[in-house]
Amino acid sequence: MKVSLNWLKELVDVNITIEELSTLFNLHSGEVEEYYNLVEATNLVVGYVESKEQHPDADKLSICHVNIGNEVSQIVCGAPNVEKGQHVIVALPGAVLPGGFNIKSSTIRGVESNGMICSLSELGIDKKYHHEEGIHEITVECNPGDNPVEVLSLNDSVFALDLTPNRADLLSIMGVAYDTAAILKTEVKLKEISLVEVQKSNPVIIEIDTDKCSSYYARVIENIEIKDSPKWMQARLIAAGMRPINNVVDITNYVMLETGQPLHAFDYDLLETGKIVVRQANENEELVTLDNETRKLTVNDIVITNGSKSVAIGGVMGGLDTEIISTSRSILLESAVFDFYSIRKTSNRLDLRSEASTRFERKVDPNRTLLALEMASMLFGKYANGDILKGVNKVENGDLTEKVITVEAGKINKVLGTNYPVELIEETLSRLNFKHTLENDLLTIQIPTRRQDILTYQDIVEEVGRIQGYDNLPTTLPETVSMGALSPSQLVKRKIHTLLTGLGLNEVVTYSLTSKDKVLDFVSKDEQHLLSEVVELMMPMSQDKSTMILSPIRGILESVKYNVARKNNDVLFYELSKRYTKEEETEVLCGALTGELSNVLWQGKKEVVDFYTAKGIVSSMLLELGLSHLYFEATNDYSNLHPGQSAYIKDRSGIVGFIGKLHPQYEKANDLKNVYVFELKIESLLELRRPLKKVKEINKYPSIYRDLAIVVNKDVEAQSIKTVISKTGKRMLTDIMIFDLFVGGNLAENQKSIALRLAFTDPKRTLESKEVDERVKEILGSLEKQLSAVLR
Amino acid sequence: MSVKEKLQELISEAKEKISLVQSVHELNDVKAKYLGKKGSFQEIMKLMKDLPNEERPMFGKLTNEAKQVITNYLIDQKQLIEDAKVNEQLRSETIDVTLPGRSFEVGKKHLLTQIKEELEDLFIGMGYSVMEGPEIEIDEYNFEKLNLPKNHPARDMQDTFYITEETLLRTHTSPVQVRTMLDNKEKGPIKIVCPGKVFRRDDDDATHSHQFMQFEGLVVDETTSMADLKGTLLVAARKLFGDKREIRLRPSYFPFTEPSVEVDVSCHNCNGKGCNICKGTGWIEVLGAGVVNNNVLEASGYDSTKYQAFAFGMGVERIAMLKYGINDIRSFYTNDIRFNKQFK
Ligand SMILES: [Zn+2]
């Protein structure tokens, strides 16, 4: 809502600048988006064109002698419409026009020019408001030397309110005036309405045949003269951001802006029947609206009819058939109240938002419906020379009573956290023009119908709070005593962040929406049925963001791709995200690693990420989380992972996650190379943790170590070697560390050699070499028997 | 030559020899030569038996003194040799300390996580719990129980990703507040913050993202007031933007709160004087808040005649953008490591 300061001043005394008023509105009422002067220009005067001659050296220029009050100036003008005898706007040398345009005396093609004759556009009035080509001819009474901005009523300032949906009252100058008066502690001065009716009676018959129109008031005005509205009214409309059209349209808009009550004028003759019937539209009923669009209606729309055919979509837009045109002579002026929800649905469905529908859908003040009709009728008498027929015809079912809210002053203070004396609260209500009584501490407050947003005592609390100013609130903290702490699962997630960043990984956050054809990219063969469980949007904005992810890996890989394409080759990413299915949301930890770890350029130090790097990072994290008992088991269940380099991460109870290298074909299709990914279910990690319960004694006796290098068939997994060793090594064997893998050399093609270090310890005594050697011999025996392993 | 003279001669000879020795090994040879079993002193001692008894003590004393002098020469020379050796080692081991170290890169948490955790810690310190909830929500919790019935104007179908008529991607973390109130069997006091992902049906551009992170808070108790809200938000604003910040509450409208306010923080860039970050006003809008609407309390089973509540909500991306001068919200989801690694 753009508010003209001049207009506002007609209703309330404002003795502060637009800037100060804007600040106060921001703090007490609603957000002011911007404020500005309607015309931002200096050194303008009214000039009278005494003569006009052709410029000797330029076809399109004329030399004008212009009386600017105390002297006659020579001005070269390029506009074709400048004529002798016009009053025009002159920007004198030294003037600054909008956009920082400086006017100077100059010589144009050899002829001296002392200023510029201006168009309205050059003063900053957008062309959409006046449609004028060339300079503006001032048609109101004025004298050379006068200030043309004042003469044209454009000496105005505007502030633009960004309205919240509740404050429908601020969609009117009257509403803004009430808030201004409350803020500035002054009174609203209501305008007097006096209209003169002719003898002839208003003949229109009104029927309402729907519950979506609570009241309908109409007047008929005859013998109107269609012409331009007065300049002051045009200026008001321009300030409000509306285009002046003619006196009929302008008056209805003007009154709507002042009162907030939309009006509609029908050509009474074209209405034909002298009858108004308001009803619900018939299904598929058609109506051509003022914008020349054929609208197909439904039973949920309200139509105004003449008893046989529709002439307007009630509260939204008039019909073309009964539009006021230059030859119109009589009008039927409508002021009505339509159901807010119905209007909103209709304007949404038709994608048709008008100034009228905007106001109806936020609820209008039913006590201004008749007022607006009378104000407009008065103006029709005055500015369209119309004959106002006697009487307002109406159907009036609206509730005009003022709602009553009771609240204790103590409760207001309790909610605000203030100690406002009850007198101050009463004064605040008075400033808002809310009638009220006080009994003990209980306030009984009558809410004016203009404030349809005030429904409960909480709204009263807000009124008191905002008018007194939130700056006056004390700053305290809640008295509630409570313990704050992270939950066990939140703590574990924090620990995962700490561990993984400590291990050199960077966290990413990716989108949870993806395209449906990628949703199964990192889902195992056994879980393909999840495709029927994925969460899909009803109305996605695009196909690539239509489905909730089953794994964030796909999204993390997008980020990997983005970086690698920009030569950020070393990418170690993880994300804590979710798997979303129709059934549930489960948290997952995922990662993608490629390039080098702790890249150090100098001295050639390099640790290129491979499967074991990725596994090592995951294992280190699992160890620190008390999950060292999880194990890795080769799998080829993931179609986009390398079948020879992927593994489930498991516990005896089942699968906790997976790790693997991307399948070469998948890498190729995605412009990636040597990328390792992993995924772990957070919930399983939480369940399976084995936190330390009791400290382990540090062994007082030294361990004895034995290094073994054994040769086995290539397909014998290290895990099974360890199992055999630990079973045979029994309690004495306290640790098995694999420290080397060797293939080739003198080994057969299907062989590999694994080097292990075994630690033997007894907590109660120093072991003897001999008994350790015995045990090693047994171990070697078992290895040979069970895995055909031989000592290298 | 008297014994005394002989010893003198021996001492000066040893002194010279010892001073020429360059290694501990050689020094041991020299030591043996003078003090060893077959050394010079053994030779001199042999002379003693030819002396009369009364001269023997003097002889002994002089010899021992001479031995002591030579021993000291040996010790001093050994020290010199060792010092030289250490110095040589130090010289040879001297390196260019300005060459780079072999670094171990530590990863970074995402900026959104960093700010989320900073806020969580602040509120935990004030006794709040951190609550999480599903991102796929039912309409009832995301809207209806928050005083946003189906016909409410603030509820625009266009802004919400619906999955079915009744399920949707949550548009805010407020349904977590609803769930917490519903789950509270005693209907007692609540102090929570709710961080998490939310979704809006927006086209992604520099200032809009269809997915973003919200951080909301809720306090329910018998005396919870607007002044408590103001004090709490002042603490949060100062934690995020610095100790000198002030806040300003302006009237606004949200269906779930009444009164509702927008909260501005004094500009951290210009200290309130006005700059382009705050568009010359000295204030930056950072969050929305208010006293919880009684309809919301009642919808979750709380007696609104007994309880009062406040709630606030902020966009974590917006906080991060203001704090670090980030111009494009998409930067948070692109994950360019050169961007992500900056925030420590
Ligand atoms: Zn600033």
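Donors here are N, O and S atoms within 2.8 Å of the metal, and in this predicted model those of the zinc ion follow the spacing C-x2-C-x4-C-x2-C along the chain. The four in question are the SG atoms of B:Cys267, B:Cys270, B:Cys275 and B:Cys278, sitting at 2.2 to 2.3 Å from the zinc ion. The arrangement comes out as tetrahedral, because the angles subtended by the four donor atoms run from 103 to 114°, and four donors earn that label if all angles lie between 85 and 135 degrees. As for solvent, B:Cys267 and B:Cys270 are both buried.

On to the nonpolar interior. The largest nonpolar core counts 131 residues, and the ones with the most contacts inside it are A:Leu8, A:Phe159, A:Leu161, A:Ile460 and B:Phe312. A second core, separate from that one, has 34 residues, with A:Ile276, A:Val278, A:Ala312 and A:Ile313 among them. Back in the largest core, A:Ile460 is one of the residues with the most contacts. Setting aside neighbours within four places in sequence, A:Ile460 is in contact with A:Ile405, A:Val407, A:Ile412, A:Leu429, A:Phe434, A:Ile445, A:Ile447 and A:Ile454.

Several of these names lead straight to a sheet in chain A. Three strands make up this open sheet, in the order S26-S28-S27 and with antiparallel pairing. S26 (403–408) and S27 (435–439) are the edge strands, each pairing on one side only. On average, neighbouring strands here are turned by 20° against each other, direction ignored. Helix H12 (residues 422–431) of chain A packs on the sheet by touching S27 and S28, and its direction makes about 160° with that of S27(A). Helix H13 (residues 457–468) of chain A, for its part, lies across S26 and S28, running at about 75° to S26(A). Within the sheet, six bridges pair S26(A) with S28 (residues 442–447) of chain A in the antiparallel sense; in that pairing, A:Glu408 has A:Leu442 in S28(A) as its bridge partner.

Further along chain A there is an open sheet of four strands, ordered S39-S40-S38-S41 and again paired antiparallel. Its edges are S39 (733–742) and S41 (790–791), which each pair on one side only. Inside the sheet, S38 (residues 704–713) and S40 (residues 751–760) of chain A run antiparallel and are joined by 10 bridges, one pair of partners being A:Val711 and A:Ser753 in S40(A). Two helices of chain A come into play as well. H19 (residues 718–729) lies across S38, S39 and S40 at about 150° to S39(A), while H20 (residues 769–787) lies across S38, S40 and S41 at about 15° to S38(A).

The loop between S39 and S40 of chain A holds A:Val743. With a relative accessibility of 45%, A:Val743 counts as partly exposed. Apart from neighbours within four places in sequence, A:Val743 is in contact with A:Lys714, A:Gln751 and A:Lys752. A:Asn306 is another matter: A:Val743 and A:Asn306 are 437 residues apart along the chain, and their C-alpha atoms are separated by 98 Å.

A second loop residue worth a look is A:Gly315, placed between S21 (310–313) and S22 (317–318) of chain A. A:Gly315 is buried, since its relative accessible area is 9% and the cut-off is under 20%. Not counting residues up to four places away in sequence, A:Gly315 touches A:Phe338, A:Ile343, A:Ser354, A:Ala356, A:Ser357 and A:Phe360. A:Gly315 and A:Arg359 are 44 residues apart in sequence, with a C-alpha to C-alpha distance of 9.0 Å.

That leaves a few other strand pairings in chain A. S4 (residues 62–67) and S5 (residues 72–77) pair in the antiparallel sense over six bridges, with A:Val66 opposite A:Ser73 in S5(A). The hairpin of S4(A) and S5(A) has four residues between the strands, and A:Gly69 takes a positive phi near 110° there. S24 (residues 387–390) pairs in the parallel sense with S13 (residues 197–201) over two bridges, and A:Ser201 has A:Lys390 as its partner in S24(A). S24(A) also pairs with S15 (residues 213–222) of chain A, this time in the antiparallel sense over two bridges; here A:Ile221 is partnered by A:Ile388.

Terms used: Residues numbered from 1 in each chain as written. Chains lettered and ligands numbered in written order. Predicted model: local features only at pLDDT ≥ 70, side-chain atom pairs only at ≥ 80, totals over all residues. Heavy atoms only, no water. Donors = N, O, S within 2.8 Å, 3.2 Å for Na, K, Ca; no water. Tetrahedral: all angles 85-135°; square planar, octahedral: opposite > 155°, others 65-115°. Buried < 20%, exposed > 50% of the residue type's maximum accessible area, 1.4 Å probe, protein only. Core = buried A, V, L, I, M, F, W, Y, C linked by side-chain atoms within 4.5 Å. Contact = heavy atoms within 4.5 Å. Pairing = 2+ DSSP bridges. Axes fitted to C-alpha atoms, helices over the stretch in contact; angles between N-to-C directions.
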